[in-house]
Amino acid sequence: MALLTDLYQLTMAYGYWRAGRHRAPAAAELFFRCEPFHGAFALGTGLAEGLRFLRAFRFSAADIAYLRSVLPSTTEDAFFDYLCTVDASEVTVSSVPEGSVVFSRVPLLQVKGPLLVVQLLETTLLCLVNYASLVATNAARFRLLAGPEMKLMEIGLRRAQGPDGGLSASKYSYIGGFDYTSNVLAGKLYGIPVRGTIAHSFIMSFTSLAEVQPRVLPPLAGGEPVDLAALAESWLQRVCELLHSPPEKANRGELAAFVSYAITFPHNFQGLLDTYCVMRSGLPNFCAVALALHQLGYRAIGVRLDSGDLVQQSKEIRRVLRACGTTFQVPWFGSIPIAVSNDISEQSLESFIREGSEIDVIGVGTNLVTCPLQPSLGCVYKLVEVNGSPCLKLTEEEEKMTIPGIKAVYRLYDDAGHPFMDLMALEDEPAPNAGQELAVHVLGRRGEATKVRPTAVEPLHRTYFRDGQVCEVLPSLPEVRSHAQASLSQLSPAHRRLREPQPYPVAVTEKLHLLLAELRQARQ
């Protein structure tokens, strides 16, 4: 993957090499400038993939041959010989733990090593962290809106930006709080629970009960197989009588599809109700097949809607399921899970909650994996020190100015256990202590220092990569997911809310503030 980079990284590498600066010790930071989706936080993810890239970072003979063809013909052969020796064995990477809540201007990653190598790592690390953190944050927002009890399923593979985007979306949506994915390969690669039953095409492929083969299903407790199609048809009469709905309005092709699927998957029967008409066909047909299965000892797992007024339909479906459960003395029938899909967005979830829906499972695709409200997190990767001297980027846009020097980062907590500020200090400064009064300068605020007294202090960064190897045991994907949810739960409600949240302050120490001021004055 060494060539998964921008060409200007290689032209700069040649410039460093020609100037004899390629071995100069350097440090860079990866961060974003503004919280996504008009919120107050993001989730930092992509670390494990970044570490995997670092371990394998080197140029193959084929890579070098290709570079000879695209770099200017005046490029010296000795530079290509040098590239053959380049790897990440002298690189050190520290990072926030994967899945942590992170804030703008605070480094997600800090990279130290020879200048040429630090430069070459930029594009790939940005590629691995940017989308991962964005989609995990998007997923976390859906989870916060849905609440802890609602089941969320990622169904975005067919809408994702290519296979890589689809796999990344499944992985990082899971970290952000989704429970399942429809993506089978993601289930294999990452161990994410996979779910899925039938689509409209399966139902539309049937026209009559005569097409159901086989027709029989043995009772769960054993015994002679029973003609499930005939049993379901008899139940349909009873259900339609209860609902005061003409049985002839129930589509027999749909009934056949439900029966066929139930025979194939008697323990996992779910009905997709909206191929024809939910109340006159889909729901009566589902209830008939589910009651027939119940008679044989099996239990349907749910229904799904993919169109229409999902809130109103969920209420009507719940009413019918409860009526069937009461009338036919099937206690569990009224609590059959109702799943919905159909271009679900944050606004959809808000309406579900506001209108008191009966929905239990939500499938989200396009509005999760494509992040339409903000297509990019906008992470950047900037040098902060070369040869022991801090670097500063000055610009016409103040928000693009960098903060110089290698830093330590601390999270400060209040009496309630909520983080109230992230504090950046120079690496050689003593760590702040709990209960200590600190004079800090909040980024974006002008004037005198602010005094704060944290109840607890947490160093944010850990060293994950040194001497060419991962030097800390990495958590499993479920452990990263749990950490993300715990990190989110620590936020105060004012910072966690999705609409007009209170901005989370990020500050620098007095010493770092003075260094920034000195460098700005010296370079102006």
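Which residues of the largest nonpolar core touch the most other members? The views below come from a predicted model.

**View 1. The largest nonpolar core and its best-connected members.** This core holds 154 residues, and F59, L121, L228, V259, F286, F333 and I362 touch the most other members. The element that gives the most to this core is helix α6, spanning residues 122-146, with 13 residues. In soluble globular proteins, nonpolar side chains tend to be buried together.

**View 2. Surroundings of I362.** Leaving aside residues up to four places away in sequence, I362 touches M150, K151, L152 and M153. I362 also touches V340, I344, L349 and F352. Another core, of 12 residues, lies apart from the largest one; F420, L423, A425 and L438 are among its members.

**View 3. A nonpolar patch on the surface.** The patch is formed by L7, Y66 and V70, which together have about 270 Å² of accessible area. V70 belongs to helix α3 (residues 61-70). V70 counts as partly exposed because its relative accessible area is 33%, between the limits of 20% and 50%.

**View 4. An open sheet of six strands.** The strands follow the order β7-β6-β13-β12-β11-β10, with parallel pairing. At the edges are β7 (180-181) and β10 (270-272), each of which pairs on one side only. Strands of a sheet pair through backbone hydrogen bonds, either parallel or antiparallel.

**View 5. Pairing of β6 with β7.** Strand β6 covers residues 151-154 and pairs with β7 in the parallel sense over two bridges. Opposite E154 stands T181 in β7.

How values were computed
Residues numbered from 1 in each chain as written. Predicted model: local features only at pLDDT ≥ 70, side-chain atom pairs only at ≥ 80, totals over all residues. Heavy atoms only, no water. Core = buried A, V, L, I, M, F, W, Y, C linked by side-chain atoms within 4.5 Å. Buried < 20%, exposed > 50% of the residue type's maximum accessible area, 1.4 Å probe, protein only. Helix = DSSP H or I, 4+ residues; strand = E, 2+ residues; numbered from the N terminus. Contact = heavy atoms within 4.5 Å. Patch = residues over 30% accessible without salt bridge, like charges linked within 9 Å, V, L, I, M, F, W, Y side chains within 5 Å. Areas by Shrake-Rupley, 256 points an atom, 1.4 Å probe, with all protein chains shown as cover. Salt bridge = Lys/Arg side-chain N within 4 Å of Asp/Glu carboxyl O. Pairing = 2+ DSSP bridges.
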